[in-house]
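Me: I would like a close look at one part of this model. Take me through that part, then connect it to the rest of the chain.

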Amino acid sequence: MTGLRHASIDRNERTITVEKGKGDKLRVVPLTKIAEAIIDRQPRYIGKPWVFWKDKGQRLTEVSSRLGDLTRRVAQKAAREEVEFHRFSHHDFRHLFAVEYLRSGRGSIYDLQGELGHSTITVTERYLAFLTPDQVKSAKSVMTQRGAHSPRFEATNA
């Protein structure tokens, strides 16, 4: 998302076009109300395409390594103070999103596959291991898949 351009956001269709996502694949993902609110809070830098920027409108870079440095420093401080802290990476946010998406019933495992850009359902099915049996059943059901599209459909036709 650090490379998100204003032109990639379609407010009418309520989607974001990810031009170079995982595996450099192009895909379209839903624009949620929460994401829209975050985007709306970002000040625009005139003449620059980036939603998230630094300094004089330059694209954010090295977010992953900066987060890694920060978690390393926090882990060192926690160890000195004998406080439990588990390091994490930016990719862990992707995993958290996937598990919470399925737990909440927002969509099926097949919807999630599309949102994450996985080429096979087998890769996406890894997240089923973090669910209860009832949540797994729901994630695999067609009704969940149909239900995931209702809010998007209603928002576009409202």
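Where does Ile46 lie, and is Ile46 buried or exposed? Start there, then go on to the salt bridges and the helices.

Reply: Ile46 sits in a loop, the one between helix H1 (33-41) and strand E4 (53-54). This is a predicted model, so read each value as computed from predicted coordinates. The relative accessible area of Ile46 is 76%. Ile46 is exposed because exposed means over 50%. Gly57 is 11 residues from Ile46 in sequence. In space, the C-alpha atoms of Ile46 and Gly57 are 8.1 Å apart.

Now the helix before that loop. Glu36 in helix H1 forms a salt bridge with Arg11, with the closest N and O atoms 3.0 Å apart. That pair links distant parts of the chain. Arg11 lies in the loop between strand E1 (9-10) and strand E2 (15-18), 25 residues from Glu36. The two partners differ in exposure. Glu36 has a relative accessible area of 16%, so it counts as buried. Arg11, at 35% relative accessibility, counts as partly exposed.

Glu36 has another partner. Its side chain meets that of Arg14 in a salt bridge, at 2.9 Å from N to O. Arg14 lies in the loop between E1 and E2 and Glu36 in helix H1, so this pair ties together parts that are 22 residues apart in sequence. Here both residues, Glu36 and Arg14, are buried. The wider picture is a network of salt bridges that links Arg11, Arg14, Glu36 and Asp40.

The count for the protein comes to five salt bridges. One of them is within a helix. Arg103 forms a salt bridge with Glu100, and the closest N and O atoms are 3.2 Å apart. Arg103 and Glu100 both lie in helix H3, three residues apart, about one turn of the helix. Arg103 is partly exposed, at 39% relative accessibility. Glu100 is also partly exposed, at 37%.

That leads to helix H3 itself. H3 covers residues 90-104, which is 15 residues. From its first C-alpha to its last, H3 reaches 22 Å, close to the 21 Å expected at 1.5 Å a residue. Its buried residues are Arg94, Ala98, Val99, Tyr101 and Leu102. They cover an arc of only 155° around the axis, which means that they lie on the same side of H3. The cover over these buried residues includes strand E3 (27-30), helix H4 (109-116) and helix H6 (133-140). After H3 comes Gly105, with a positive phi near 80°.

Helix H2 (63-80) belongs in the same account. The 18 residues of H2 should span 26 Å at 1.5 Å a residue, and its end C-alpha atoms are 26 Å apart, which agrees. Leu67, Thr71 and Ala78 are the buried residues of H2. They cover an arc of only 30° around the axis, so they lie on the same side of H2. The buried residues of H2 pack against H3. H2 is followed by Glu82, whose phi is positive, near 55°.

H2 and H3 also meet in a surface feature. Leu70, Val74, Phe85, Phe88, Phe93 and Leu96 form a nonpolar patch on the surface. Together these residues have about 500 Å² of accessible area. H2 and H3 are the elements that give two or more residues to the patch. Leu70 is found in H2. At 39% relative accessibility, Leu70 counts as partly exposed.

Last, the whole protein. There are seven helices and five strands. Along the sequence the pattern is β-β-β-α-β-β-α-α-α-α-α-α. The protein has 158 residues, and 28% of them count as buried. Its accessible surface comes to about 10,700 Å². Carbon and sulfur atoms account for 55% of that surface. Among contacts with a separation of 6 or more, 41% are between residues 24 or more positions apart. The salt bridge between Glu36 and Arg11, 25 residues apart, links distant parts of the chain.

Methods. Residues are numbered from 1 along each chain as its sequence is written. This is a predicted model: local features need pLDDT of at least 70, side-chain atom pairs count only at pLDDT 80 or more; totals for chains, interfaces and linings use all residues. Side-chain values use heavy atoms; hydrogens and water are left out. Helices (H or I, at least four residues) and strands (E, at least two) are DSSP runs, numbered from the N terminus. Buried means under 20% relative accessible area, exposed over 50%, partly exposed in between (1.4 Å probe, protein chains only). Contact means heavy atoms within 4.5 Å. Accessible areas come from the Shrake-Rupley method with a 1.4 Å probe; for residues, only the protein chains shown count as cover. The expected span of a helix is 1.5 Å times one less than its number of residues. The arc is that of the directions from the helix axis to the C-beta atoms. Patches are made of residues with over 30% relative accessible area and no salt bridge: like charges are joined within 9 Å, nonpolar side chains (Val, Leu, Ile, Met, Phe, Trp, Tyr) within 5 Å. A salt bridge is a side-chain nitrogen of Lys or Arg within 4 Å of a carboxyl oxygen of Asp or Glu.
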